[in-house]
Each structure stands twice: as structure tokens, then as C-alpha cells.
Amino acid sequence: MMIRYASYFIAALLPLLLFRWFAPASIGEIDFWLLWLLAMLLVSLPVVYAEIALAYRSAEAPLAGMQKLTREADASTFWRSFGWLAALVSILIAALVISGASQGILAALTELNSVPNVPSFAIAAGLMVIAVLLSLLGVAPLPIGLGLMLIGLLLGVANGLPNIAFAMTDVSLSEWARAVALALVSVGAGTGLYWFGQNLISKQTVTAVGTDNHNAQTTRNSAAPAYRATKLVLPIWVLQLVVGVVALFISGMALPPIGQLSYWIGVVFVASYLLHYSSQQLAHKFGLLVSVVLTFVLALLLVVAIPTNWLVGILVIISSIAVLLLSVFAGWQMKISHLRKSLNFGNEAFYNLWRVAIRLIVPLALLLALIGWVMQWLS
């Protein structure tokens with residue numbers, strides 16, 4: 001049952017996890033949030049549609065699915081790099097939030113006069129070990145993590161919401177860059193998480209039919225005409241908008257020590273699912289045991305050796321490249337008839353709007369955002 005709702009858990013959790021890394025400097029800037037809404041509509045929504053369409057077309061997880069789709073479209077194997085980048089983005093997000101969790105737990109223990117005599121990187125490494133072990137449980141840690149995070153946030157709300165002074169500021173390219181990054185990363189666009197979630201549901205449905213492969217395939221084929229990408233994508237997108245607005249108002253909220261511990265322990269549970277996803281992708285090439293070890297080693301190196309602010313920058317660059325690859329492949333490499341059938345819009349005009357967005361608007365918006373990030377870093 002939890003597999004069916006994994007995508008909705010992720011949709012609710014990612015904004016809560018990642019707003020704090022991109023929003024604090026812009027919490028009161030009305031123009032920033034208008035740009036974020038624009039990026040959610042013009043960039044994130046078409047990309048999530050593309051992920052779900054490719055998931056339905058390939059009937060495989062992202063890494064295996066891209067191999068199948070590139071053969072079907074007679075496209076270069078270069079486009080298969082999206083699967084690898086998607087797994088890497090997931091590991092980066094896990095490393096970033098685990099790094100934040102180690103700092104948050106240390107701060108909470110300091111307030112409780114119970115701080116251990118160990119460096120922060122050792123705590124981060126210990127939390128990463130716990131997250132990797134929890135990743136073996138698959139989807140199960142997600143609702144637990146969400147519950148712990150909500151308990152922590154409710155304890156913070158009990159202390160009062162922060163006062164936010166809203167004002168209009170000058171719009172800049174760097175502001176657009178931060179808005180696009182927030183829209184993409186907090187939505188999970190380009191991570192392949194929704195693609196993976198849809199694949200889990202498909203596999204569960206086939207398994208439920210029975211062990212007879214013929215009956216399973218017949219059931220899937222007969223269900224195909226009733227499929228509507230909108231039924232999955234729009235609820236996810238609306239949920240992210242709602243949670244994003246909530247995250248806006250609580251981004252600067254101070255949590256009591258117990259609330260911090262509850263919140264950050266919940267973050268570790270959520271990070272475990274991200275590691276589970278990445279190891280499942282790598283397992284397509286290396287086998288499950290080797291992929292779990294590779295995921296752990298890479299995540300541990302990231303969280304121990306790279307400063308948190310660098311992780312943010314690396315995440316922005318790699319996730320933007322992953323989304324750019326996905327948008328160009330879906331818009332320019334896939335056959336029109338295949339995507340039209342996969343999306344199965346009720347109105348041809350909606351499909352045409354999506355196609356213009358994924359082919360032109362999304363790549364242009366991403367390139368402008370990358371230029372804005374470069375200008376911000378250089379300044």
C-alpha cells in the first residue's frame with residue numbers, strides 16, 4: 001500500500017527538506033516567490049509530465065528505462081547518462097540533508113547540555129551509516145520520517161511563527177536562478193523519483209495479477225487506454241505548491257531542542273529512501289550488494305569531505321544538467337506518437353502546450369538559470 005503513495009510522500013517531503021537551503025535569504029521577497037511560482041508552472045510541471053510519460057512508455061526504472069527508450073528512438077547512448085545523473089542527484093540530496101541533520105542534532109544537544117565530544121563530521125558519518133541501513137527497508141521509512149518531521153515542526157509552531165516582512169525587490173538573473181533551483185530541487189524534477197515511483201506501482205500491479213506472465217501482460221495492455229498522466233502529475237504538483245507555501249512561512253522558524261531532534265531524525269529516515277532509490281538504479285548495472293556499497297561510499301565521501309555550501313552548488317549544477325538532458329531527450333529525441341500516447345491528454349491543445357514547454361521553454365529557462373548562478377558565484 002505504501003508503494004502506491006511513495007510519490008505523494010516524496011512530493012510532500014522534498015519542499016520541507018530543501019527550502020531551507022535556497023529560500024532563507026529571499027523569504028520576504030515577493031518577486032522571488034512570484035518567480036518561483038512561474039518556474040513551478042513553466043519548468044517543473046512539464047518536466048514531471050515528461051518523467052511520468054517516459055516511465056509509462058519504458059515500463060522500467062530510470063536507468064534501465066533510458067536504455068530501452070534510446071534504442072526505441074534510435075538515439076545516442078549519450079542520453080542514457082540521465083539515469084546515472086538522476087541517481088547521483090538523489091545521493092547528493094541525501095548527503096546535503098544528512099549534513100544538515102548532523103549540524104541540527106549537534107545544535108539541539110548543545111542546548112540540552114548533552115553534546116558529545118566528537119566532531120560534526122563523525123556524527124554525519126554515523127547518520128549516513130544509519131540511513132544506508134534504513135535504505136534496505138525500501139519505502140517503509142518514508143511515513144515514519146514524515147511523521148517525525150511534522151512533530152518537530154508542530155513543536156516549533158507552538159513557539160510561534162516567525163514574522164516575515166514582505167516587500168518587492170529588484171528582479172535579477174541570479175534571483176531567477178535561485179527560483180528555478182528551488183522549483184526543480186524541491187519538486188524533485190530530474191531525480192527520476194516519480195519515474196521510479198510509477199515503476200514500483202506498475203510492478204506491484206503486475207505481481208498482484210498473478211505469476212502468469214500472459215495474464216499480467218494482458219491486464220497491463222487492457223489498462224493502457226484508460227491511463228491519464230494528469231491523474232498522477234497534477235495531484236503531485238498541487239501538493240508541492242501547497243507544501244511549498246507552508247514551507248515558506250516556516251523556513252525561518254526556530255525549533256525547540258526536542259523539536260529539532262525529532263525533525264532531524266525524521267530527515268535521516270527520509271534520506272534513507274533517497275539512498276534506496278539510487279542503489280536500486282545502480283543495481284541494474286552492478287547488482288544489489290555492490291550498488292549498496294557504492295551508494296554508501298559515495299554518500300559518505302560527500303557528507304564528510306565536502307562542505308555543505310559546496311554540496312548546494314554541486315546539487316544545483318548536476319540537477320540542472322539532468323533536467324536539461326531529460327527535457328531535450330523527451331522534446332527532441334522521442335517520437336511524437338509515442339509521447340502523445342504515453343501522456344494521453346484529453347485535449348490535443350494541452351499536448352501541444354506541453355511539447356512547446358519541454359522543447360523550448362524548459363531548456364531556455366535552465367540555461368538562463370545556470371548563467372544566473374555563475375554570475376552569483378563570480379560576484
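Modeller: A crossing is left-handed if the near helix is turned anticlockwise from the far one by less than a right angle, and right-handed if clockwise. This is a predicted model in which local features need pLDDT of at least 70 and side-chain atom pairs count only at pLDDT 80 or more, while totals for chains, interfaces and linings use all residues. Residues are numbered from 1 along each chain as its sequence is written, and side-chain values use heavy atoms, with hydrogens and water left out.

Colleague: Thanks! Which hand does the crossing of H1 and H7 have?

Modeller: Helix H1 covers residues 6-22 and helix H7 covers residues 173-187, with helices (H or I, at least four residues) taken as DSSP runs numbered from the N terminus. Leu14, Pro15, Leu18, Phe19 and Phe22 in H1 meet Ala181, Leu182, Val185, Ser186 and Val187 in H7, contact being heavy atoms within 4.5 Å. The way H1 passes H7 is right-handed.

Colleague: And how does H1 lie relative to H7, roughly parallel or roughly antiparallel?

Modeller: Axes are lines fitted to C-alpha atoms over the stretch in contact, with angles from 0 to 180 degrees between N-to-C directions. Those of H1 and H7 come within 8 Å and cross at roughly 150°. Angles under 35 degrees count as roughly parallel, over 145 as roughly antiparallel, 65 to 115 as roughly perpendicular and the rest as oblique. So H1 and H7 are roughly antiparallel.

Colleague: Let's turn to H2. What is the term for its orientation to H7?

Modeller: The axes of H2 and H7 are 8 Å apart, and the helices pack at an angle of about 45°. Their crossing is right-handed, and the residues that meet include Trp36, Met40 and Val48 in H2 with Trp176, Ala183 and Val187 in H7. With that angle, H2 and H7 are therefore oblique.

Colleague: What is the relative accessible area of methionine 40?

Modeller: Methionine 40 sits in helix H2, residues 30-58. Beyond residues up to four places away in sequence, it touches Leu45, Ala183, Val187, Trp237, Gln240 and Leu241. Buried means under 20% relative accessible area, exposed over 50% and partly exposed in between (1.4 Å probe, protein chains only). Methionine 40 counts as buried because its value is 0%.

Colleague: Which helix gives the largest share of the largest nonpolar core?

Modeller: A nonpolar core is a set of buried Ala, Val, Leu, Ile, Met, Phe, Trp, Tyr and Cys residues joined through side-chain atoms within 4.5 Å. The largest one has 129 residues, and Leu18, Phe22, Trp36, Leu142, Tyr273 and Trp354 touch the most other members. Its largest share, 17 residues, comes from residues 81-111, helix H4.

Colleague: H4 also holds serine 102. Is that serine buried or exposed?

Modeller: Leaving aside neighbours within four places in sequence, serine 102 contacts Ser120, Ile123, Ala124 and Leu127. Its relative accessibility is 3%, so serine 102 is buried.

Colleague: Which loop residue with a positive phi is exposed, aspartate 74 or asparagine 344?

Modeller: Asparagine 344, between helix H14 (336-343) and helix H15 (348-378), has a phi near 55°, but counts as buried because its relative accessibility is 19%. The other residue lies between helix H3 (62-72) and H4, and its phi is about 55°. At 71% relative accessibility, the exposed one is aspartate 74.

How values were computed:
Helices (H or I, at least four residues) and strands (E, at least two) are DSSP runs, numbered from the N terminus.
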